Amino acid sequence: MISFLDLKKINEPYETAFQQKLKSVLENGWYILGKEVETFEKAFAEYCGAKYCIVVGNGFDALVLIFKGYIELGKLQKGDEVIVPANTYIASILAILQADLVPVLVEPKLETYNINPDLIQEKITSKTKAILVVHLYGQLAEMEKINEIAEKNNLLIIQDSAQSHGVENQKSTAAYSFYPGKNLGCLGDGGAITTNDSALAKVLFTLRNYGSEKKYYNEYIGVNSRLDELQAGFLNLKLPNLDADNEKRRAIARRYLSEIKNEKIILPFWNFSNNHVFHLFVVRTENREDLQHYLSENNIQTVIHYPVPPHKQNAFQEWNHLSFPITEKIHNEVLSLPISPVLTETEIDFIIEILNQY
Ligand SMILES: *Cc1c(COP(=O)(O)O)cnc(C)c1O
């Protein structure tokens with residue numbers, strides 16, 4: 001069976017280094033917010049071309065804390081509206097709600113799966129204060145157009161970069177996740193915020209730690225969302241290979257795009273720039289269950305990202321009557337092929353061959 005994502009194989013090359021890191025953390029006897037965290041914050045900020053990096057407990061917290069930080073700074077208020085793509089992973093929408101803000105869903109483009117900038121303006125009201133851009137499946141959204149709209153309407157831009165570590169041109173405040181399956185993953189939960197906004201960074205460094213800068217003195221109503229030394233240590237070992245891993249993903253994508261030739265399978269759009277890190281390689285097909293079954297019969301594991309759009313989830317019954325035809329079409333037709341950096345050439349050959357025989 002070609003597994004969709006072989007995490008064990010992804011982390012195998014680091015095994016000895018991980019064990020040494022565990023030993024060194026044990027020897028130091030310091031487990032939360034220490035040297036490993038500081039080192040990683042510096043390295044990841046530099047890697048992203050941002051002034052600041054604040055690590056937190058997971059990607060969801062990263063999003064929530066950005067919103068809470070802007071609320072503390074008076075740039076957002078409870079009840080403000082935030083534009084967000086209708087086909088995003090549910091975490092983006094839940095984070096807006098968690099910060100007492102109001103999500104406003106906008107349709108994506110069928111070709112890129114990213115928010116359609118031409119449909120944003122009509123959703124803007126006097127309460128709209130921010131756009132949460134999601135670089136879904138690893139592809140940079142149309143930032144030039146989105147930046148223009150944000151500037152014209154005086155909106156904040158926040159990026160959900162949980163699937164796009166290493167994509168160039170992510171210039172505004174961004175939330176990252178280091179969930180094990182992401183392009184940069186730790187051995188548990190982890191997340192980070194990158195920003196060039198020094199006032200926001202200052203608030204975030206305290207918000208993640210009970211709103212406290214000086215121990216037992218609290219400036220803000222904060223939360224507990226810290227990254228431990230061990231996870232930061234693992235990330236310090238993996239970060240130097242992120243670009244090479246992303247390049248492997250792009251190499252597989254290039255092969256899929258040029259060699260998969262089947263009328264029944266619609267391939268994703270890519271302009272062949274570094275604006276895509278292929279967290280996922282998502283095709284569309286009319287009879288998805290049939291294709292997934294066929295691939296599984298041929299020992300190729302696939303996953304659906306995602307089967308139910310947010311507005312059709314049981315959790316959002318008040319939205320169930322809404323209609324987002326592009327979003328619904330995407331959720332009915334998408335199927336993610338294996339694209340991890342540990343796939344072998346033989347496996348890629350086989351996947352292409354089986355798809356072309358379908
Ligand atoms: C994974 C993910 C998140 C949440 O990250 P966690 O670390 O799982 O909390 C948020 N947004 C998107 C688009 C994601 O893919």
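This passage describes the domain layout and the ligand site of a predicted model.

The chain is divided into two parts, domain 1 and domain 2. Domain 1 comprises residues 7-106 and 113-239. Domain 2 covers residues 241-357. The C-alpha centres of domain 1 and domain 2 are 25 Å apart. The two domains are in contact, with 34 residues taken from domain 1 and 34 residues from domain 2.

The ligand occupies the largest pocket. Ten residues form its surroundings: Asn 58, Gly 59, Phe 60, Tyr 89, Ala 91, Asp 160, Ala 162, Gln 163, Ser 177 and Lys 182. By class, this shell has four nonpolar, four polar and two charged residues. Phe 60, Tyr 89, Ala 91 and Ala 162 make up the nonpolar class. Asn 58, Gly 59, Gln 163 and Ser 177 count as polar. The charged residues are Asp 160 and Lys 182.

Both charged residues also make polar contacts with the ligand through their side chains. A polar side-chain atom of Asp 160 lies 2.8 Å from a ligand nitrogen. An N or O atom in the side chain of Lys 182 is 2.7 Å from a ligand oxygen. Gly 59 contributes through its backbone instead: a polar backbone atom of Gly 59 is 2.8 Å from an oxygen atom of the ligand. Taken alone, the ligand exposes 380 Å², and the protein buries 89% of that area.

Note on methods
Residues are numbered from 1 along each chain as its sequence is written. This is a predicted model: local features need pLDDT of at least 70, side-chain atom pairs count only at pLDDT 80 or more; totals for chains, interfaces and linings use all residues. Side-chain values use heavy atoms; hydrogens and water are left out. A residue is near a molecule or strand if one of its heavy atoms lies within 4 Å of it. A polar contact is a pair of N or O atoms within 3.5 Å; within protein, one must be able to donate a hydrogen and the other to accept it, and residues adjacent in sequence count only if both atoms are side-chain atoms. Accessible areas come from the Shrake-Rupley method with a 1.4 Å probe; for residues, only the protein chains shown count as cover. On a 1 Å grid over the protein atoms alone, a cavity is a set of points where a 1.4 Å probe fits but cannot get out, and a pocket is an open set with protein on both sides within 12 Å along at least five of seven lines; lining residues have an atom within 4 Å of a point. A molecule sits in a cavity or pocket if more than half of its atoms lie within 2 Å of its grid points. Domain bounds come from an automatic or database domain assignment. Contact means heavy atoms within 4.5 Å.
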